[in-house]
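Hi,

Here is the structure I said I would pass on. Have a look at it first, and my notes follow underneath.

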Amino acid sequence: MFSSKRADFGDDFIFGTATASYQIEGGQTDGRGSSIWDTFSATPGNTYNGDTGLIACDHYSRWAEDLDLLSDAGFDAYRFSFSWPRLIPEGTGARNEKGFDFYDRVIDGMLERNIKPYATLYHWDLPSALQDKGGWMNRDIAGWLADYAVEINKRFGDRLAATATINEPWCVAFLSHMLGVHAPGYRDLRAAARASHHVLFAHGTAINALRAEGAKNLGIVLNFEVAQGATGKPEDLAAARLWDGIFNRWYLDGVFKGQYPADVLEKGFGPYMPDGFENDMATVSAPLDWLGVNYYTRGLYAADPSRSVFPIKKVDGPLEKTEMGWEIFPEGLEEILTRIAADYTDIPLAVTENGMAEVEGTDDPRRIAYYDAHLSAVLAAQKRGANVTGYFGWSLLDNFEWAEGYAKRFGLVHVDYDTQKRTPKKSYEAFKMLLTGANQSQVA
Ligand code: FCB
């Protein structure tokens with residue numbers, strides 16, 4: 001099944017899977033407030049087939065069965081996210097106790113099964129009431145996020161193995177405010193520049209607030225793409241370098257060096273940044289205990305002088321692609337992990353997402369090969385000195401893949417959305433074999 005052995009990764013290495021609240025929970029009852037993904041997905045034209053997260057995988061009711069799937073395969077940890085509008089329906093102020101009770105059940109359910117809870121505070125389901133006030137474009141979001149983080153820590157902190165503030169700030173800021181692909185669907189340079197700063201300022205503000213409460217093992221989850229030139233021409237190599245700045249260095253330089261890359265400011269964001277953002281950079285770079293690394297693919301870039309800002313374009317690549325159309329490039333995971341370790345930080349790194357969308361079915365040899373190659377890339381990065389301490393496959397279940405709706409299936413476990421029946425795929429069995437040495441699932 002997989003060519004690597006569990007022992008190759010080291011004694012304390014953590015294997016898990018990842019999910020996100022809006023993508024699996026459904027359960028828009030019991031006092032849960034509205035989120036930007038509810039209205040964005042309900043707006044015609046924004047998601048494939050008009051799909052929404054109204055029901056999703058009904059994890060709100062079926063969480064125990066889903067945790068059984070994790071423990072049956074021998075996973076050590078589960079990376080999940082809290083739904084902000086389920087806990088604090090208006091984003092600030094009154095709490096929804098039924099929401100707190102739900103996460104009590106899920107977290108205690110993990111601990112009963114000997115699964116370490118890896119929590120993400122924000123995986124994109126912003127309360128609509130905060131969007132009404134400007135959402136990530138409003139600097140006040142730093143305080144809103146910090147207050148929410150403290151509420152979570154007070155109730156659950158002693159039971160969490162690790163906490164990440166934000167999932168994929170590039171998606172929160174650039175994909176959602178510049179490219180308009182994700183909620184709230186803005187396509188505006190000023191909105192994107194502000195969100196790009198506020199998302200990291202809010203992260204650092206929340207980290208400082210959590211530290212003041214005594215919270216432990218705090219981090220952030222960044223996503224990375226290896227950017228390469230479409231050709232070896234200097235202008236295309238420069239285009240790739242600029243995309244590396246937009247996607248990777250903005251977040252790495254901000255979080256670990258307390259500064260934003262000059263090329264990204266100069267080629268686009270500079271005139272639109274919030275006044276005095278430089279004074280926030282000590283907060284942006286608040287010390288962390290661990291870093292989550294999400295990695296899926298590489299991208300090829302070429303110069304596009306017809307654009308007045310960020311004068312580059314993405315070019316289709318020649319490698320084998322997943323159902324998302326993303327090139328399969330496992331070397332990129334080794335490259336990213338070793339680069340972070342060499343150039344940025346020696347705190348522990350965990351691969352917090354990695355996986356592929358495949359056509360529907362439970363026999364998924366390409367997914368097994370994808371995971372196998374990327375697990376080997378983790379081992380190669382470890383040999384080159386990267387302190388990689390964990391690996392989480394995306395995802396436990398087929399789920400609501402944002403703008404792609406239910407059409408794109410990333411799960412180790414198949415979900416029949418008509419019946420909500422879960423069926424482990426062959427890739428699930430491959431992880432089970434790696435983790436327990438057994439290859440037959442007891443979960444039907
Ligand atoms: C990441 C997201 C995750 C999932 C995967 C495929 O960008 O964090 O929610 O959609 O991509």
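**What I found**

Tryptophan 402 is found in the loop between E9 and E10 (helices, H or I, of at least four residues and strands, E, of at least two are DSSP runs, numbered from the N terminus). Before going on: this is a predicted model, where local features need pLDDT of at least 70, side-chain atom pairs count only at pLDDT 80 or more, and totals for chains, interfaces and linings use all residues. Residues are numbered from 1 along each chain as its sequence is written, and side-chain values use heavy atoms, with hydrogens and water left out.

Back to that loop. Tryptophan 402 isn't a glycine, yet its phi is positive, about 50 degrees. Serine 395 also sits in the loop between strand E9 (388-394) and strand E10 (413-416), and the peptide bond leading to serine 395 from tryptophan 394 is cis, with omega near 15 degrees. For context, most residues other than glycine have a negative phi, and most peptide bonds are trans. There's another cis bond from alanine 183 to proline 184, with omega near 10 degrees; proline 184 is in the loop between helix H8 (169-177) and helix H9 (189-212).

Now the ligand. Among the residues around it are Trp394, Trp402, Gln23 and Glu168 (a heavy atom within 4 Å counts as near). Which side chains have an N or O atom at a listed distance from a ligand oxygen? Glutamate 168 has one at 2.5 Å, glutamine 23 at 2.7 Å and tryptophan 402 at 3.0 Å (a polar contact is a pair of N or O atoms within 3.5 Å). The protein covers 95% of the 290 Å² of accessible area that the ligand has on its own (Shrake-Rupley method, 1.4 Å probe). By class, the shell has five nonpolar, three polar and three charged residues, with Trp and Phe among the nonpolar types, Glu among the charged and Gln among the polar.

As for the whole chain, it has 15 helices and eleven strands. Its C-alpha trace spans about 60 × 50 × 45 Å along the principal axes. The radius of gyration is 20 Å, which agrees with the value near 22 Å for a compact globule of 444 residues (taken over C-alpha atoms; the rule is 2.2 Å times the number of residues to the power 0.38).

Cheers

Definitions and conventions
Polar contact = N/O pair within 3.5 Å; in protein donor to acceptor, adjacent residues only side chain to side chain.
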